[in-house]
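Visitor: I am new to reading protein models. Could you walk me through a few features, one at a time?
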Amino acid sequence: MRDRRLARLLGALAIVPVVIGLAACASPPDPEETKDSLTEVTADPTAPEAADEYSAEANPEPIVDPLECSNELVITVRGTAEPRKKQLLAPVAKEITGKLADATSTDIDYPADTDIKEGGTIGVRTLVDTLNVQNEECPDQRFVLLGYSQGALVIGDALADPEARLVGATVGEVDESAADRVAAVVLYGNPRFVGSEPYDAGSFDPALNGILPRPVGALEEYAGRIRDYCVDQDFVCQSSFELNEEGHVSYYSNGMTEEGAEYALATLRALTPKSAQPTE
């Protein structure tokens with residue numbers, strides 16, 4: 001039964017290519033089994049093995065090495081079963097780095113599979129350590145965080161206080177100085193979407209939340225730096241049994257990737273003196 005549920009969720013969160021020449025496809029998932037698989041994160045109180053293995057208290061040394069210093073670092077966190085290179089966020093990151101004079105990008109190395117408690121814990125630890133290590137190594141670097149589906153869950157939980165997390169409660173926190181240099185956060189198809197937050201964007205119903213909604217105000221510190229995109233037919237961020245697979249993959253073609261890139265660029269420009277901004 002567990003294997004069948006995992007297979008269903010893999011189908012649910014896999015990516016259907018509709019633009020930019022991607023070559024993946026997803027079979028229509030069963031909404032009941034998809035919701036059951038996602039809600040196992042909260043229904044099963046058993047902590048994943050990664051909670052101990054990646055505990056910041058037990059293993060305080062960072063699990064990542066420093067990356068090169070640049071003015072901006074764009075960090076992508078892909079969705080479940082997405083490929084590392086041809087993911088929804090790749091063109092967003094490319095658009096942002098291409099418009100900046102000195103920007104680099106990296107993709108968080110985590111399982112992004114259907115064992116969300118286990119893999120998500122690894123993802124949160126990896127992202128927390130990446131931000132903290134870069135903060136120490138490159139004190140002038142600013143961060144742009146891009147997350148889709150499970151990747152949006154990972155980013156939100158990494159930025160939230162541990163008690164507000166569903167995954168990664170033991171893996172440590174983003175240092176205050178590193179948090180200050182998170183310039184922009186752009187999320188798509190977020191399972192932890194909350195329809196009443198001021199940073200929401202898209203055609204969503206504000207009365208509906210995601211399958212695993214975050215406590216209201218949990219990301220208040222970042223509220224002026226986030227865009228959380230959700231469309232009304234996305235059953236992951238609108239927690240609906242009414243299956244419409246097209247909603248969760250519509251971000252490929254509905255213009256919101258371009259909107260997200262422009263939001264991040266506008267936020268960065270507002271923080272950068274005009275004399276230091278690259279010409280178009």
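Visitor: Let's start with charged pairs. Which residue forms a salt bridge with Arg84, and how far apart are the closest N and O atoms?

Guide: The general idea first: side chains of opposite charge can pair when their charged atoms come close. In this predicted model, the partner of Arg84 is Asp107, with 2.6 Å between the closest N and O atoms. The two belong to distant parts of the chain, 23 residues apart: Arg84 sits in the loop between strand 1 and helix 4, while Asp107 is in strand 2.

Visitor: Is Asp107 buried or exposed?

Guide: Buried means under 20% relative accessible area. Asp107 has 15%, so Asp107 is buried. Arg84, at 39%, counts as partly exposed.

Visitor: How many salt bridges does the structure hold?

Guide: There are nine. Another one joins Arg214 and Asp157, 2.7 Å from N to O. Because Arg214 lies in the loop between strand 5 and strand 6 and Asp157 in helix 6, this pair ties together parts that are 57 residues apart in sequence. Arg214 is buried, with a relative accessible area of 5%, and Asp157 is buried too, at 0%.

Visitor: Now the strands. In what order do they form the sheet?

Guide: Six strands make an open sheet, ordered 2-1-3-4-6-5, and the pairing is parallel. Strand 2 and strand 5 are at the edges with a single partner strand each, so one side of each has no neighbour in the sheet. For a pairing you can look up, take strand 3 and strand 4: six bridges join them, and Leu145 has Val185 in strand 4 as its bridge partner.

Visitor: Which strands does helix 10 touch as it packs on the sheet?

Guide: Helix 10 touches strand 1, strand 3, strand 4 and strand 6, and its direction makes about 170 degrees with that of strand 4.

Visitor: Which residues of helix 10 are buried?

Guide: A general point helps here: an α-helix has 3.6 residues a turn, so residues three or four places apart point the same way. Among the buried residues of helix 10 are Met256, Gly260, Tyr263, Ala264 and Thr267. Their cover includes helix 4 as well as strand 1, strand 3, strand 4 and strand 6.

Visitor: What span should the 16 residues of helix 10 have?

Guide: At 1.5 Å a residue, they should span 22 Å; the end C-alpha atoms are 23 Å apart, which agrees. Helix 10 also includes Glu262, which at 39% relative accessibility counts as partly exposed.

Definitions and conventions: Residues are numbered from 1 along each chain as its sequence is written. This is a predicted model: local features need pLDDT of at least 70, side-chain atom pairs count only at pLDDT 80 or more; totals for chains, interfaces and linings use all residues. Side-chain values use heavy atoms; hydrogens and water are left out. Helices (H or I, at least four residues) and strands (E, at least two) are DSSP runs, numbered from the N terminus. The expected span of a helix is 1.5 Å times one less than its number of residues. Buried means under 20% relative accessible area, exposed over 50%, partly exposed in between (1.4 Å probe, protein chains only). Contact means heavy atoms within 4.5 Å. Two strands pair if DSSP finds at least two bridges between them. Axes are lines fitted to C-alpha atoms, for helices over the stretch in contact, and angles run from 0 to 180 degrees between N-to-C directions. A salt bridge is a side-chain nitrogen of Lys or Arg within 4 Å of a carboxyl oxygen of Asp or Glu.
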